[in-house]
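Colleague: Can you walk me through this one? I'd like the surface first, then the fold.

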Amino acid sequence: MPQIPEKIHELTVGQVSARSGAAVSALHFYEAKGLISSRRTSGNQRRYSRDTLRRVAFIRAAQRVGIPLATIRDALAELPEERTPTRADWARLSQTWRSELDERIKQLGRLRDHLTDCIGCGCLSLETCVLSNPDDVFGDRLVGSRLLNERRAAH
């Protein structure tokens, strides 16, 4: 990993990419989504402050655990401008994200547990299928493939 001297306070997109492991296109995307920011030189080149490295690390860690970019952006917006997320910030934010992740884990567990049943029967019955019709919410209205056609027409 290339070292950047401490006396350099602004980094090029290439330097941020090399140090963070994020592709240049990902950095541009993060910037477009308001997750990181840069200033433009007189030659219209991007320059990032050093705190961008910590922000990118924060973004990538949050993405790896499944946090949506909009949620990450909202979390970063709570921090003062040009302040890097600290260990305390991560602890506070990860605690708030825990319940969301726990719910997703439960949903994935249900999907895993019922996927074999669905493949085994092959019917994808909208009356009883736990994947297409969780808790039989459509059971009172219609059954079978007629509901599929109704749902397609609505979209």
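Modeller: Accessible areas here come from the Shrake-Rupley method with a 1.4 Å probe. Bear in mind that this is a predicted model.

Colleague: How much area does the protein chain expose?

Modeller: About 10300 Å², and carbon and sulfur atoms supply 53% of that.

Colleague: And what share of the residues is buried?

Modeller: Of the 155 residues in the protein chain, 27% are buried.

Colleague: Which residues form a nonpolar patch on the surface?

Modeller: L108, L111 and L115 do, with about 260 Å² of accessible area together.

Colleague: Where is L115 found, and why does L115 count as partly exposed?

Modeller: Helix α5, residues 87–121, contains L115. Its relative accessibility is 38%, and partly exposed covers the range between under 20% for buried and over 50% for exposed.

Colleague: On to the fold. How many helices and strands are there?

Modeller: The protein chain has 6 helices and 3 strands. Starting at the N terminus, the order is β-α-α-β-β-α-α-α-α.

Colleague: In what order do the strands sit in the sheet?

Modeller: The order is β1-β3-β2, in an open sheet with antiparallel pairing. The edge strands are β1 (10–11) and β2 (39–40), each paired on one side only.

Colleague: How many bridges join β1 to β3?

Modeller: There are 2, with β3 spanning residues 46–49. Within that pairing, E10 stands opposite S49.

Colleague: Last one: what about contacts between residues far along the sequence?

Modeller: Taking contacts between residues at least 6 apart in sequence, 46% join residues at least 24 apart.

Key
Residues numbered from 1 in each chain as written. Predicted model: local features only at pLDDT ≥ 70, side-chain atom pairs only at ≥ 80, totals over all residues. Heavy atoms only, no water. Pairing = 2+ DSSP bridges. Helix = DSSP H or I, 4+ residues; strand = E, 2+ residues; numbered from the N terminus. Buried < 20%, exposed > 50% of the residue type's maximum accessible area, 1.4 Å probe, protein only. Contact = heavy atoms within 4.5 Å. Patch = residues over 30% accessible without salt bridge, like charges linked within 9 Å, V, L, I, M, F, W, Y side chains within 5 Å. Salt bridge = Lys/Arg side-chain N within 4 Å of Asp/Glu carboxyl O.
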